[in-house]
Amino acid sequence: MLKPFHLRSSQAHMRLLDLAQTDGQRHLVDLFAEDPNRFESMHCEVPGLLYDWSKHRVTEDVLGALLALAEEAGWKAGRDAMFRGDTINQTEGRAVLHVAMRGELEDNFSVDGHQVMPGVLEVRDRMLDFAESIQKSKDITDVVNIGIGGSDLGPLMVTKGLRNHSSGPKTHFVSNVDGAHLESVLSGLNPQNTLFIVVSKTFTTQETMANALEAKSWLVEALGEEAVAHHFAAVSTNLASAQAFGIPGERIFGFEDWVGGRYSLWGPVGLAVACSIGAENFRALLSGARSMDQHFQQADGRFNMPLVAALIGLWYVEYLHFPTFAVLPYAQDLDRFPAYLQQADMESNGKSMGRDGKRIDHASGPVIWGEAGTNGQHAFYQLLHQGTTVHPADIIACIEPLSRFDQHHEKLLANAVAQAEAMMIGKSKEQVEREMMAIGASPEKITAIAPHRVFEGNRPTGFVLMDRLDPHALGQLIAWYEHRIFLQGLLWNVCSYDQWGVELGKQLAGQVLTEWGGGAVGEHDASTLALMQRMRCKELG
Ligand code: F6P
């Protein structure tokens with residue numbers, strides 16, 4: 001178990017409260033003027049990935065106090081407990097060992113004294129052999145991943161992110177229980193050339209099972225029942241249910257319950273990714289993540305990328321009261337990265353109960369949101385620049401172009417770096433007035449309009465600069481965020497690896513369906529009842 005941590009009773013907390021009123025209010029432009037070497041001292045890197053945190057509203061004193069907070073929380077002991085396979089998912093009584101899914105034999109990961117790497121490697125080899133056979137197959141031109149949440153968002157984001165490394169069949173993803181999702185994918189496919197991968201840790205998730213059964217009917221109608229064994233594969237911890245679905249054992253890839261759904265893309269859940277990019281690239285993705293794991297375990301204090309980023313995120317939520325965090329990839333291929341992170345972060349740390357079973361008396365995770373740049377610039381950046389609330393962001397960019405249109409890339413990078421600068425420096429009233437005067441605006445017009453054209457600036461961003469978006473680098477990037485989430489959960493004293501909050505809605509949807517199926521009508525408020533009646537166009541009960 002991870003030790004409970006009461007942030008608000010800690011020594012560093014008191015110091016941070018003071019610093020929030022002083023250093024936290026300072027303008028970034030002044031901080032750069034005071035210390036022209038700010039970039040030098042406020043960035044860290046691992047090969048291929050640089051994190052510039054100098055445009056964040058932190059000073060050396062703030063960082064020092066945040067690092068002291070992390071020490072008080074026992075971040076190293078917590079980290080080591082995770083890598084040791086301790087039962088840190090305390091409410092489900094499980095270890096949290098997704099790092100083993102990208103590990104190697106010599107890492108010696110174990111759970112309950114049992115070495116897990118031989119089993120992990122055996123399934124990895126089997127799954128990658130299968131992926132290679134699909135890549136080579138002349139018959140399979142399309143792979144459809146059927147899953148939702150962690151069984152969809154990770155593989156989808158990585159497959160899109162590594163578009164340039166795809167050498168296999170076309171990969172599609174169906175997640176929503178809205179039949180329109182399945183229909184729109186199936187409409188372009190030929191059953192003869194399609195492989196469905198049903199991905200579900202539990203193999204009970206309503207959306208996934210509905211889509212899988214419908215896909216099966218579609219296939220059976222065209223090719224007969226015996227085709228199921230050749231056109232379906234499954235990824236699950238529930239082998240019995242996958243087999244009962246009609247999928248032969250050799251096409252089922254299992255994993256253990258110490259891998260959380262939203263942390264599972266590294267193992268067989270990544271099968272669709274492997275079918276798209278091939279075994280070698282998939283192994284490079286894992287090795288990138290593993291190199292970040294090693295960095296997380298070895299790097300000290302301010303040079304530890306997950307630690308620094310996690311602490312800055314906590315500073316904003318807890319001390320400066322900025323409730324959201326935007327992720328803005330200036331890489332179209334990473335356009336699903338914000339959606340992936342929403343689940344990884346918000347399903348992990350969106351909790352209000354502490355590890356000691358008492359309600360926490362502070363905020364926990366921020367709302368994570370975002371969109372690929374430059375599209376976001378023409379949508380919500382107005383609020384980022386001039387709104388009344390501050391929304392810190394990570395801007396992610398890659399030096400190497402992701403398309404053959406080089407000149408587009410220059411523009412893309414120029415926009416990324418310019419946005420970070422604009423958010424920081426803003427534009428003063430004097431500057432606006434000078435500009436308006438230069439174009440001959442009348443004094444009345446200047447008085448009326450200039451205030452609207454002022455940007456306060458001091459909007460913080462972190463800049464994540466990748467040399468290139470390749471499998472290794474993407475593995476590093478994802479693992480970096482995973483460890484940030486772990487550390488924030490540790491400091492916020494929540495249980496990051498359960499998700500009880502999503503259960504109630506599932507339960508009530510089941511109840512509504514039972515009622516619509518003729519079951520006894522339960523208690524509902526007037527609004528819910530009225531809506532249910534409209535949906536069915538008839539009185540219930
Ligand atoms: O949204 C709840 C959740 O349990 C997620 O944690 C999980 O990733 C998703 O549903 C899908 O679950 P499964 O892989 O078991 O179908």
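**Ligand site and cavities**

Tutor: Around the ligand are 13 residues, and Ser151, Ser200, Thr202, Thr205 and Glu347 come nearest. A residue is near if one of its heavy atoms lies within 4 Å. This is a predicted model: local features need pLDDT of at least 70, side-chain atom pairs pLDDT 80 or more, while totals for chains, interfaces and linings use all residues. Side-chain values use heavy atoms, without hydrogens and water, and residues are numbered from 1 along each chain as its sequence is written.

Student: What makes the Thr202 pair a polar contact?

Tutor: A polar contact is a pair of N or O atoms within 3.5 Å. A polar side-chain atom of Thr202 lies 2.6 Å from a ligand oxygen, so the pair counts. Glu347 also places a polar side-chain atom 2.6 Å from an oxygen of the ligand. At Gly150, a polar backbone atom is 2.7 Å from a ligand oxygen.

Student: How much of the ligand does the protein bury?

Tutor: The protein buries 88% of the 400 Å² that the ligand exposes when taken alone. Areas are Shrake-Rupley values with a 1.4 Å probe.

Student: Which residue classes form the shell around the ligand?

Tutor: Two nonpolar, eight polar and three charged residues. Asp, Glu, Lys and Arg count as charged.

Student: Why is a space called a cavity?

Tutor: Because a 1.4 Å probe fits there, on a 1 Å grid over the protein atoms alone, but cannot get out. The structure holds two of 30 Å³ or more. The largest cavity has a volume of about 160 Å³. Among its 17 lining residues (an atom within 4 Å of a point), Phe325, Asp345, Ile368, Arg484 and Gln488 are closest to its centre.

Definitions and conventions
Polar contact = N/O pair within 3.5 Å; in protein donor to acceptor, adjacent residues only side chain to side chain. 1 Å grid on protein atoms, 1.4 Å probe; cavity = no way out; pocket = protein on both sides within 12 Å on 5 of 7 lines; lining within 4 Å. Points joined across faces, edges and corners; volume = space filled by probe spheres on them.
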